[in-house]
Amino acid sequence: MRIGILTGGGDAPGLNGIIEAVGKSLMTKNHEVVGILDGFEGIFKNETRVLNSKDLNGLHARAGTFIGTSNKSGIRGKEKEFLQAYNKLNLDGLVVAGGDGTFSALTPFNKEIPLIGVPKTIDNDLNGTDITFGYDTACSVVSEAVDALRATADAHKRVIFVEVMGRTAGWIALGGGLAAYADVILIPERPYDKSDLLKFIASKKQTYRGLICVVSEGAFAQGGEPEVAFTVEGSPQKERYGGIAERLSKWVMTEANWESRHVVLGHLQRSKAPTTTDRFLTLAMGVQVGEMIEENDWGKAAVYKSGRVTRAPLSELMKPARLIPEKHHWVGFAKHLGIFI
Ligand code: F6P
């Protein structure tokens, strides 16, 4: 068979691992593996590259994606053109590693194109899987940064706000913040009460040297909205959030009279080489994809459920984002540790 592989949306640690694992699984069975370049753009523009074993060896250890990706070009309104362009590629099926934007864009084609999905995103907000690859690495970047920043916060008796990614879901702030025992964790699922937050911070001023607050870029106060930093025309999710850490830091400086700074971790969360957990996840998912293709089991996704990599209907990944439930046990952990959440 001639199988295409496409990486869509924002890059995430583990994308190269998926390419290597899927590629090697398929090449072992003498299938041809075609990399679609730059996400959906490669389909529209017929830009592809046949992968060989030299391309694949050692790829898993690198950040980014060997075949490129894009999070600024959707399919909406161009469905017919997309299908025609896909048909021109003469593929027997397409493996897609993507996040919610990529899979919701593919919803109209679930019956038209033989598809297999793999859940990728540092945001960890895909339905149908307990974890997405890229998330563990992003959390490790956050926890390492928070641990390091605590030294400076303590040295100078400062509050430091650390802004992390997470548009509508706060998994990175919660996972990375808990792993580093942050003092405050603000996530979009739990709009914060401004006066409670200020009271909490002020109450620590006498007993703490420094204070670390981990804030999702999409977090907002009760009655407020997330801060839009800028928009990206043509992107399926146009608005890019950002600026909350800077604003909160200035606010705390004035209102709590406690010297504050802010740090935005930004794309560092996406650009690290994958952790061992993410490497294993992509290895197991890649093998699962290879087995599905051998069995002609299309319209499915390789997902992680109840401690193992298994299969789920692809439509599961096409559902709206998976947010942190109000009573999630990680929220309980934060409360038990006295973290403001
Ligand atoms: O990959 C998802 C994500 O990391 C979001 O959390 C973030 O808002 C967005 O990507 C930023 O994407 P970019 O800066 O590449 O447009």
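An oxygen atom of the ligand lies 3.0 Å from an N or O atom in the side chain of Asp 123. Keep in mind as you look around that this is a predicted model. Two other side chains make a similar kind of approach: an N or O atom of Asn 71 is 3.1 Å from a ligand oxygen, and for Arg 240 the distance is 2.6 Å. On its own the ligand has 400 Å² of accessible area, and the protein covers 84% of that.

Now step back to the whole shell. Besides Asn 71, Asp 123 and Arg 240, the residues surrounding the ligand are Ile 122, Met 165, Gly 166, Arg 167, Glu 217, His 267 and Arg 270. Sort them by character and you get five charged, three polar and two nonpolar residues. As for where all this happens, the ligand sits in the largest pocket.

What about the protein around that pocket? The protein is divided into domain 1, made of 2–134 + 274–318, and domain 2, which spans 136–271. If you're wondering why the ligand counts as lying between the two, it's because domain 1 and domain 2 both give residues to its shell.

The C-alpha centres of the two domains are 32 Å apart. Where the domains touch, domain 1 puts 19 residues into the contact and domain 2 puts in 20. So, to pull the picture together, the ligand lies between domains that both contribute to its shell, and it sits in the largest pocket.

How values were computed. Residues numbered from 1 in each chain as written. Predicted model: local features only at pLDDT ≥ 70, side-chain atom pairs only at ≥ 80, totals over all residues. Heavy atoms only, no water. Near = heavy atom within 4 Å. Polar contact = N/O pair within 3.5 Å; in protein donor to acceptor, adjacent residues only side chain to side chain. Areas by Shrake-Rupley, 256 points an atom, 1.4 Å probe, with all protein chains shown as cover. 1 Å grid on protein atoms, 1.4 Å probe; cavity = no way out; pocket = protein on both sides within 12 Å on 5 of 7 lines; lining within 4 Å. Sits in = over half its atoms within 2 Å of the grid points. Nonpolar A, V, L, I, M, F, W, Y, C, P; charged D, E, K, R; others polar. Domains from an automatic or database assignment. Contact = heavy atoms within 4.5 Å.
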